[in-house]
Amino acid sequence: NIVAATPAEINALLMPSPGAIGETTPNTIRSLNKEILEPATVTLTALKCSGTLINNYGQSGDAILTLPTCAAGLSFVAVCGTTAAFYWRFLCPAADADKIYLNGVAGADDGYVQITSASVGATISFVAFQSEAANYDWLATTIAGTWVAG
């Protein structure tokens, strides 16, 4: 026997819509990675270094990406979307005393991490971590490619 259900009974079985997660639009879940193309020299903002994928697609010369002052909660992944015979460098801002720990090894204050002559797919992740009472530094972990500190 087939039993017909009323609209109220069907609605009672449906899962409720969630509230906002990560954004401010009610009933919308936003989980797509935000990809940012940065093929040239630029100063990155904290927003650009917060849960993003930074890509060198279109790079046609040496590029220096100056990081924001390191702070709690910042993290991003950098990937080479273009094969380039140039360096793609992530630089700590001057006078911040931030460091980049490349694969767990501390670099110099205000130092950098870079890749030279990268091929498509070379990847590194950056995560902020607390290193002193009032200071954060970057942990950069190589995923693919040859990244070096300076």
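1. A good place to start is the hairpin: two residues join β10 to β11 there. This is a predicted model, so please read every value below as computed from it. β10 (123–132) and β11 (135–144) are antiparallel partners held by nine bridges. At one of these positions, Glu132 has Asn135 of β11 as its bridge partner.

2. On its other pairing, β10 meets β5, again antiparallel, through five bridges. If you would like a position to look at, Ser75 is opposite Val127 of β10.

3. Where do these strands sit in the wider sheet? They belong to an open sheet of seven strands with mixed pairing, ordered β1-β3-β5-β10-β11-β7-β8. The edges are taken by β1 and β8, and each has a single partner strand, so one side of each lacks a neighbour in the sheet. At the β8 end, β7 and β8 are antiparallel and share two bridges, with Tyr101 opposite Ala106 of β8.

4. Now to the interior. The largest nonpolar core counts 26 residues, and Leu67, Phe76, Trp88, Phe90, Phe126, Trp138 and Trp147 have the most contacts inside it. At least two core residues come from each of β4 (63–66), β5 (75–79), β6, β7, β9, β10 and β11.

5. Leu67 deserves a look of its own. Leaving aside residues up to four places away in sequence, Leu67 touches Leu44, Cys49, Phe76, Phe90, Leu91, Cys92, Pro93, Ile100 and Trp138.

6. The aromatic residues make a nice story. The structure holds eight aromatic pairs. One of them joins Phe76 and Phe90 in a tilted arrangement, with 5.7 Å from centre to centre and 40° between the planes. Since Phe76 belongs to strand β5 and Phe90 to strand β6, the pair ties together parts that are 14 residues apart in sequence. Both rings are out of the way of solvent by the numbers: Phe76 is buried at 3% relative accessible area, and Phe90 is buried at 0%.

7. Why is the pair of Trp88 and Phe90 edge-to-face? The ring planes stand at 70°, with the centres 5.0 Å apart, so the pair is classed as edge-to-face; the cut-off for that class is over 60 degrees. Trp88 is buried too, at 1% relative accessible area. Phe76, Trp88 and Phe90 are also part of one aromatic cluster, together with Phe126, Trp138 and Trp147.

8. Arg89 is worth a check in the viewer. Its charged end sits over the ring of Tyr112, 3.9 Å from the ring centre, and also over the ring of Tyr87, 4.3 Å from that centre.

9. Finally, the charged pairs: there are two salt bridges. In one, Glu38 and Lys48 bring their closest N and O atoms to 2.8 Å. Glu38 is in the loop between β1 and β2 and Lys48 in the loop between β2 and β3, so this bridge ties together parts that are ten residues apart in sequence. Glu38 is buried at 7% relative accessibility, whereas Lys48 is partly exposed at 26%.

10. The other salt bridge links Lys99 with Asp109, the closest N and O atoms being 3.9 Å apart. Here the loop between β6 and β7 supplies Lys99 and the loop between β8 and β9 supplies Asp109, so the two tie together parts that are ten residues apart in sequence. Lys99 is partly exposed at 26% relative accessible area, and Asp109 is partly exposed at 43%.

Note on methods: Residues numbered from 1 in each chain as written. Predicted model: local features only at pLDDT ≥ 70, side-chain atom pairs only at ≥ 80, totals over all residues. Heavy atoms only, no water. Salt bridge = Lys/Arg side-chain N within 4 Å of Asp/Glu carboxyl O. Helix = DSSP H or I, 4+ residues; strand = E, 2+ residues; numbered from the N terminus. Buried < 20%, exposed > 50% of the residue type's maximum accessible area, 1.4 Å probe, protein only. Core = buried A, V, L, I, M, F, W, Y, C linked by side-chain atoms within 4.5 Å. Contact = heavy atoms within 4.5 Å. Pairing = 2+ DSSP bridges. Phe/Tyr/Trp six-rings, centres within 6.5 Å; stacked < 30°, edge-to-face > 60°. Lys NZ or Arg CZ within 6 Å of the ring centre and 35° of its normal.
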